[in-house]
Amino acid sequence: MRREEQIHKMEDASIVWDIVVIGGGATGLGTALDAALRGLKVLLIEQADFTKGTSSRSTKLVHGGVRYLAQGDVALVLEALHERGLLLKNAPHLVKNQSFIIPNYRWWEGAFYTIGLTLYDILAGRLSLGRSVHIGKKKAIKNLPLLKQSSLYGGVIYHDGQFDDSRLAINVAQSCVENSGCVVNYVKATGLTKDANGKISGVEVKDLESNRNHTVKAKSVVNATGVFVDSIMQMDTPEAKDMVRPSQGVHLVLDRSFLQSDYALMIPKTDDGRVLFAVPWHNQVVVGTTDTLREKPELEPQALEQEIEFILNTAGRYLTKKPTRKDVLSIFAGLRPLAAPKGEGKNTKEISRSHKVIVSDSGLITITGGKWTTFRKMAEDAVDTAIKNVGLIANKCVTTKFKIHGYRPNPDLNNHMYVYGSDMDQILDLEKQNPEFAEKLHPNHEYRASEVVWAVRSEMARTVEDVLARRVRVLFLNAKLSIEMAPKVAQIMAKELGKDQQWIDEQVIAYTKLANGFIVR
C-alpha cells in the first residue's frame, strides 16, 4: 500500500471512477472495500491520516450495545450482534471474545441483568460469543479482585467483542488496495464538480503533501466524513441544514494494576445514567466513556475538565484502587457522528446510534450515524444506494464472508505483534535481513524499529503521529512514553522516506505538541 502508486493512480485523468469516497474512517474504508470487491472502480481520499478522527478513538469494543437493548432498540442491537459475529470470523487477529462482569450492588440486580443479558445472547443466535451467567460474591471478587466489596451481592458475566480500531482500519485499506481499489491519505476534497443537469460528476482534490490540485471524475460520490459530513453536504448545497450532532466520548488509560484481571468491568447505569467500562487493552486498562454534546466538529477534540473528573470519580466508586489524575497514562477524546437533526432533544444518550443514508438532488450520497461495529453493513447500504442511484453494474456484496487482510485465527495474545496477523512473518523477515530493525524503540516498551519500517513501506504512514498514534498505538497507551520514542521513530522514517534533518526536527516538535494534549496535568 504505497502512497506514490496510489497517487499516480488517482492522478490518471483517463479514469472515470464508479465511486469516489470522501473520508478515510471506518465507514469510508468499509465502503471502498465493499465497492472494490463488487468489481467497481473506487477511489477513497482522506484529508488527514486514516482514522485520524473518531474511528481511532473508540472504546475498543465490537458490541451489540447492552444499553440500547435497555432502551428497547432491539433492531439496532440485533444488527450489531450479527455484525459483531461476522467481524470475529473475518478478522480474528484483531477482534476477540471479551468477558465482562456487571457487579450487582442491589438484591434484585442479579436476576434483572441475567434475564436481560440472556435475551442479548438469544438475539445473537448462532453468532453468540458465550452464555451469560450469574455468579456469587466470592466468584465476582475472584474474577475482579479490585472490585469494591462493600454491599456487593454478586455479578453477571456476559460476552462481547474487543478490537484494535485503527489496526482494523489499516487492514481494511490494505484489503481494498489488494482488490484494485485506490485509497490515499492526505488528500483533501476542496469542491464538487457537476454536469449541465446539476448532477455530481467528480471531486476537486488537493494533495496536501505536494500541494497539487486535481479533478477526479466520478459517476457517484459518497460522503463518509463522520462528524464532518455537513461541510461536504454544504459544499454540494450551501443552504443544507446540519445533519450531525457531535457527541464527545472521553476515555482514560490506566496501568493494568487498576484492574488486575482479564475480565472487563461494566457499570450499566452511573449517577447520570451513562455506562462506564473498564476494559483491558494492550496490557493497559481503557476507562470510559462520556457522552457530551459539542457544538461543532473538531479534528483534535480535547477532554473537558468535568469529563475527566466524572470518569475518575465513577471508577473510584467501584474500584478499591482509586485512580487519580497522576495515574492517567493517556487521555483521548472522540466525536461520535450522531445522526440527529437540530430539532431533537439535547440528551445525547437518547439520540439514535443507527445510521442514515441520504441522497441529495445532485446525487451526493451521505452516510451518517452508526458505530464501528456496524461499519460493514453501513458500507453495504452506501454502495447499494450508489449502484441504484446511477445504475452501476456491479456484483453482489460479499463482505459478510470476506477475510480481511492479516487474517490469522487463534493469535498468540502474549506477543504484542499479534495485531499484524499474517503480516507478522514479513515483519520478522525484515529483522532477519537487517538486525538493526529488531531494536526496541524504547527500553521500557516492546515496540520495535521493524514496525516503523513496515508502517512506512506497507501501511502508508507519512508522519511520526501516523506511526505512534495509529500504526502502533503508543500515544493511546502512554503519551509521555510516546514522546520519548518520537526522535527515534522520526529518524527511522526519514531514512525510509528520504527526508532530511529539518523534517526530523519538525516532526518531533509537531508530535510532541500533539501528544501533550493526551496528557492529564
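Axes are lines fitted to C-alpha atoms, for helices over the stretch in contact, and angles run from 0 to 180 degrees between N-to-C directions. The model discussed here is predicted.

Q: Why is α12 called oblique to α15?
A: Helix α12 (residues 449–458) and helix α15 (residues 479–497) pack at an angle of about 40 degrees, and their axes lie 10 Å apart. Angles under 35 degrees count as roughly parallel and 65 to 115 as roughly perpendicular. The angle therefore falls in neither class, and α12 is oblique to α15.

Q: What is the hand of the crossing in which α12 passes α15?
A: The crossing is right-handed.

Q: Which residues in α12 meet which residues in α15?
A: From α12 come Ala-449, Val-452, Val-453, Val-456 and Arg-457. They meet Val-489, Ile-492, Met-493, Glu-496 and Leu-497 in α15. Contact here means heavy atoms within 4.5 Å.

Q: What makes the nonpolar surface patch of about 540 Å²?
A: Trp-107, Trp-108, Phe-112 and Tyr-153 make the patch. Patch residues have over 30% relative accessible area, and nonpolar side chains are joined within 5 Å. Tyr-153 belongs to the loop between α6 (137–143) and β6 (154–163).

Q: What is the peptide bond from Gly-288 to Thr-289, cis or trans?
A: Omega is near 20 degrees, and the bond is cis. Most peptide bonds are trans. Thr-289 sits in the loop between β14 (284–288) and β15 (292–293).

Q: What is the sign of phi in Tyr-186, positive or negative?
A: Phi is near 55 degrees, a positive value, and Tyr-186 is a residue other than glycine. Most residues other than glycine have a negative phi. Tyr-186 lies in the loop between β7 (182–185) and β8 (187–194).

Technical notes
Residues are numbered from 1 along each chain as its sequence is written. This is a predicted model: local features need pLDDT of at least 70, side-chain atom pairs count only at pLDDT 80 or more; totals for chains, interfaces and linings use all residues. Side-chain values use heavy atoms; hydrogens and water are left out. Patches are made of residues with over 30% relative accessible area and no salt bridge: like charges are joined within 9 Å, nonpolar side chains (Val, Leu, Ile, Met, Phe, Trp, Tyr) within 5 Å. Accessible areas come from the Shrake-Rupley method with a 1.4 Å probe; for residues, only the protein chains shown count as cover. A salt bridge is a side-chain nitrogen of Lys or Arg within 4 Å of a carboxyl oxygen of Asp or Glu. Helices (H or I, at least four residues) and strands (E, at least two) are DSSP runs, numbered from the N terminus. Angles under 35 degrees count as roughly parallel, over 145 as roughly antiparallel, 65 to 115 as roughly perpendicular and the rest as oblique. A crossing is left-handed if the near helix is turned anticlockwise from the far one by less than a right angle, and right-handed if clockwise.
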